[in-house]
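Trainee: Could you walk me through how to read this one, feature by feature?
Mentor: Sure, let's pull it up and begin with confidence.

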Amino acid sequence: MRGIFSKWIQQMKAQTLVYMGVLGFFLLTVNLLAAASFSFSPYVFISMLVQALICLFFAKSIHQLLLTSKEQEEKSKQLAFLAYHDTLTGLPNRRLFNDRLERALLHAKRNEQLAAVMFLDMDRFKDVNDSLGHAYGDRLIRLAAERLLGCLRGSDTVYRQGGDEFTILLESFAKPDDARVVASRIQMALEEPFILDGMPVTITASIGIALYPLDGQLPEQLMAFADEAMFAAKNRGHNQFQFYASDIDAMVKSKAHIEKELRSALDNNQFEILYQPQYEITNRKLIGMEAIIHWSKGDNLLAHSMDWKKAAEEMGFMIPIGKWAVRTACRQMRIWQDEGYTPLRMTLTVTASQFKDEHFIEEIAVVLKETSIDPMLVELDLTESITSSNVQEASEKLIMLKKFGVRIVMDDLCTGLFTRSGLEGMPLDSVKLDSNLIRDLVDDNENQLLAAAIIRMAHRLGLNLIAKGVETEEQLEHLRLLQCTEVQGMLFSSPLGTEQFMRLMNDKINKG
């Protein structure tokens with residue numbers, strides 16, 4: 001009801017003259033009707049004219065009062081805006097920023113999330129200001145502020161500290177690398193030349209980053225640490241960003257390096273497929289292979305500092321890499337069959353991001369159609385974590401894949417899912433014993449009991465079973481006693497390139 005009344009008041013204010021005009025017309029009409037009953041005289045005419053002038057006077061007075069009130073309201077809004085915003089850029093000022101920072105830290109604490117304060121200083125801005133003048137410098141600041149806003153989410157805040165310095169608040173994110181992504185985005189945005197009266201002007205920025213709660217939990221701490229990190233970044237050279245904590249900075253820089261290298265590897269076709277032979281345990285007959293993605297760049301830093309596949313999965317690279325791997329391996333399988341080699345089963349590892357991709361099933365169908373290979377020779381290897389998060393959705397996808405005729409194998413299995421209720425609706429063909437379980441199989445009684453339980457359950461459910469990472473004859477003998485059916489590992493062969501695997505097939509199976 002209050003909203004309706006308020007809207008009516010606003011409408012009345014906006015149309016004051018109209019309403020007063022209608023009132024004046026009404027009074028004039030009444031006077032005319034009254035005058036019609038009497039004889040017309042100058043007195044009646046003057047009376048009507050005076051009343052009309054009075055109505056017009058009141059209408060103008062009321063309109064002027066409302067106009068003055070509106071101007072006062074607009075001025076109050078403008079003063080309130082200036083109290084909390086920078087006059088040059090229109091960005092929040094320190095007072096508003098501090099308020100938002102305090103609320104952001106409370107929200108991050110309540111939701112156990114990270115927040116970040118970023119301190120940004122433009123490199124060589126003084127040179128631009130001195131050479132072109134303050135007017136051009138002000139325009140550059142305004143344009144830079146617009147680009148900064150374009151790099152942030154709606155929940156984030158940027159304010160102008162003064163001069164060419166800005167402070168940025170990033171709210172509610174999950175990992176330090178998210179702040180690194182924003183810093184990189186800002187640097188790329190500012191690197192693009194600014195056009196001032198047709199003249200290109202290029203600037204860069206040094207950025208310091210402090211994280212809540214890793215670096216500090218108080219607003220003033222985070223502001224001071226971000227400022228300190230910014231000076232450290234500037235000392236390293238222009239166009240740099242620096243985290244306050246050295247270990248976080250090293251970790252984030254390492255991830256940024258591997259992201260750059262992975263992107264380059266995709267663009268320059270630096271990946272290759274290696275093939276891990278698989279054997280029957282009873283007669284050591286070659287029955288298949290596991291296609292393994294290998295990064296042929298051979299960068300020792302990347303190879304030893306972190307698991308690049310895990311990093312690629314986190315960064316979203318495994319979807320295009322996995323798509324390439326499936327297509328490449330299946331095409332190679334087609335080539336071998338066309339050359340007369342006996343068809344072997346090929347296992348293709350599927351990551352969580354691949355499996356969740358909406359085009360995954362369609363891509364498998366397209367590759368099978370293009371290569372015309374027997375779907376029963378294609379085995380998709382999924383880890384338990386892929387299916388355990390949403391068993392119903394995973395089951396539906398697996399059923400769709402099974403309609404193509406492909407085989408499904410479950411990897412990294414533990415006893416939590418490996419029960420009849422956990423596997424209900426899962427159209428599996430095989431399960432794998434993880435290499436971590438096999439490694440201590442000979443000397444660890446618990447591993448022996450766990451392996452025996454999984455193998456018994458697999459046999460009961462009619463599933464094939466393969467052990468990974470078999471390295472010794474003792475491990476092989478234990479697996480034979482436990483009635484495991486298939487094995488792979490360094491005891492038999494390391495992953496082989498295409499030519500090496502062809503030589504292996506020539507040795508192990510008859511051509512034709």
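Trainee: What pLDDT does the protein average, and what share of the residues score at least 70?
Mentor: pLDDT is the predictor's confidence in each residue, from 0 to 100. Here the protein averages 82, and 77% of the residues reach at least 70. Some ground rules: residues are numbered from 1 along each chain as its sequence is written, and side-chain values use heavy atoms, with hydrogens and water left out. This is a predicted model, where local features need pLDDT of at least 70 and side-chain atom pairs count only at pLDDT 80 or more, while totals for chains, interfaces and linings use all residues.

Trainee: Which elements have the lowest and the highest mean pLDDT?
Mentor: Elements are DSSP runs numbered from the N terminus: helices (H or I, at least four residues) and strands (E, at least two). Helix α10, residues 300–305, has the lowest mean at 47, and helix α12, residues 318–338, has the highest at 95. Also look at residues 415–421, where the pLDDT is below 50. That stretch still has 14 contacts in the model beyond near neighbours in sequence, a contact being heavy atoms within 4.5 Å.

Trainee: What lines the largest pocket, and how much space lies in it?
Mentor: First, the idea. On a 1 Å grid over the protein atoms alone, a pocket is an open set of points with protein on both sides within 12 Å along at least five of seven lines, whereas a cavity is a set where a 1.4 Å probe fits but cannot get out; lining residues have an atom within 4 Å of a point. Grid points are joined across faces, edges and corners, and a volume is the space filled by probe spheres set on the points. In this model the largest pocket holds about 920 Å³. Its lining has 38 residues, with E290, K309, T349, T351 and T383 nearest the centre. Elements giving two or more residues to that lining include β8 (271–280), β9 (286–295) and α15 (384–388). Helix α12 gives the most, 5 residues.

Trainee: How do the lining residues of the largest pocket divide by type?
Mentor: The scheme counts Ala, Val, Leu, Ile, Met, Phe, Trp, Tyr, Cys and Pro as nonpolar, Asp, Glu, Lys and Arg as charged, and the others, Gly among them, as polar. The split is 16 nonpolar, 11 polar and 11 charged.

Trainee: How many cavities of 30 Å³ or more are there?
Mentor: The count is 4. The largest has a volume of about 90 Å³, and its lining includes K323, R327, D357 and E363. Both α12 and α14 (360–371) give two or more residues to that lining, which divides into 5 nonpolar, 1 polar and 4 charged. The second largest cavity holds about 50 Å³, and M289, W336 and M505 are among its lining residues. There, α12 gives the most, with 3 residues, and the lining has 7 nonpolar, 2 polar and no charged residues.

Trainee: Is T498 buried, partly exposed or exposed?
Mentor: Buried means under 20% relative accessible area, exposed over 50%, and partly exposed in between (1.4 Å probe, protein chains only). T498 has 25%, so T498 is partly exposed. T498 lies in helix α21, residues 498–508. Leaving aside neighbours within four places in sequence, T498 contacts Y275, Q332 and W336.
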